[in-house]
Amino acid sequence: KEFALITFLHDHLGEVCSKDAISGAVWPEYQGEVYDYQIENLIRRLRTKLEPDPATPMVLLTGRGLGYKLITRL
């Protein structure tokens, strides 16, 4: 799931991606709703691998109320 997320964000580099768009890209097999906590946990796990200091993200940013965006190529 982490690879699917980073691939999706990389394909939309610099764009804020909504949680709905992320859930569709990462969990296409789910017919029901993907919960916010699932996306947030996936973002947290990815940040621990990408960010020098995950508590102060500089690569994978949160657009409060909007979604998430990747701001640099990996």
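This report describes helix packing, salt bridges, aromatic pairs and one strand residue in a predicted model.

## Helix α3 and its two partners

Helix α3 spans residues 36-50, and its axis comes within 11 Å of the axis of helix α2 (residues 19-26). The two axes cross at roughly 80 degrees, which makes α2 roughly perpendicular to α3, since angles of 65 to 115 degrees are classed that way. On the α2 side the contact is made by K19, I22, S23 and V26. On the α3 side D36, I39, E40 and L42 take part. Sorted by class, the residues of this contact are 4 nonpolar, 1 polar and 3 charged.

Helix α1 also packs against α3, at an angle of about 80 degrees and with the axes 10 Å apart. α1 is therefore roughly perpendicular to α3. From α1, the residues E2, L5 and I6 meet L42, I43, R45, L46, K49 and L50 of α3. The contact of α1 with α3 has 6 nonpolar and 3 charged residues, and no polar ones.

L42 of α3 appears in both contacts: with α2 and with α1.

## Salt bridges

Side chains of opposite charge can pair when their charged atoms come close. The structure holds 5 salt bridges. Three of them are listed here.

| Salt bridge | N to O distance | Elements | Separation in sequence |
|---|---|---|---|
| E2 and R45 | 3.1 Å | α1 and α3 | 43 residues |
| E2 and K49 | 2.5 Å | α1 and α3 | 47 residues |
| K19 and D36 | 3.8 Å | α2 and α3 | 17 residues |

E2 is located in helix α1 (residues 2-11) and R45 in helix α3, so their salt bridge ties together parts that are 43 residues apart in sequence. The bridge from E2 to K49 likewise links distant parts of the chain, again running from α1 to α3. Through these shared partners, E2, R45 and K49 are joined into one network.

The members of this network differ in burial. E2 has a relative accessibility of 18% and so counts as buried, the limit being under 20%. R45 is partly exposed, with a relative accessible area of 34%. K49, at 58%, counts as exposed.

The surroundings of E2 extend to residues outside the network. Leaving aside neighbours within four places in sequence, E2 is in contact with L42, R45, L46 and K49. Each of these is also among the α3 residues in the α1 contact.

The bridge between K19 and D36 links helix α2 to helix α3. K19 and D36 are also both among the residues that make the contact of these two helices. D36 is partly exposed, with a relative accessible area of 43%.

## Aromatic pairs

How many aromatic pairs does a search of the whole structure find? There are 2.

One is formed by W27 and Y30, whose ring centres are 6.4 Å apart. Their planes lie at 35 degrees, so the pair is tilted; stacking would need planes under 30 degrees apart. W27 has 8% relative accessibility and therefore counts as buried. Y30, at 38%, counts as partly exposed.

The other pair is Y35 and Y37, with ring centres 6.1 Å apart. Here the planes are at 15 degrees, so the pair is stacked. Y35 has a relative accessibility of 46% and counts as partly exposed.

## L61 in strand β1

L61 lies in strand β1, which covers residues 60-63. Is L61 buried, exposed or partly exposed? Its relative accessibility is 26%, so L61 counts as partly exposed.

Which residues does L61 touch, not counting those up to four places away in sequence? They are R47, G67, Y68, K69 and I71. Of these, R47 falls within the residue range 36-50 of helix α3. L61 and V16 are 45 residues apart in sequence, while their C-alpha atoms are 8.7 Å apart in space.

Notes. Residues numbered from 1 in each chain as written. Predicted model: local features only at pLDDT ≥ 70, side-chain atom pairs only at ≥ 80, totals over all residues. Heavy atoms only, no water. Axes fitted to C-alpha atoms, helices over the stretch in contact; angles between N-to-C directions. Helix = DSSP H or I, 4+ residues; strand = E, 2+ residues; numbered from the N terminus. Parallel < 35°, antiparallel > 145°, perpendicular 65-115°, else oblique. Contact = heavy atoms within 4.5 Å. Nonpolar A, V, L, I, M, F, W, Y, C, P; charged D, E, K, R; others polar. Phe/Tyr/Trp six-rings, centres within 6.5 Å; stacked < 30°, edge-to-face > 60°. Buried < 20%, exposed > 50% of the residue type's maximum accessible area, 1.4 Å probe, protein only. Salt bridge = Lys/Arg side-chain N within 4 Å of Asp/Glu carboxyl O.
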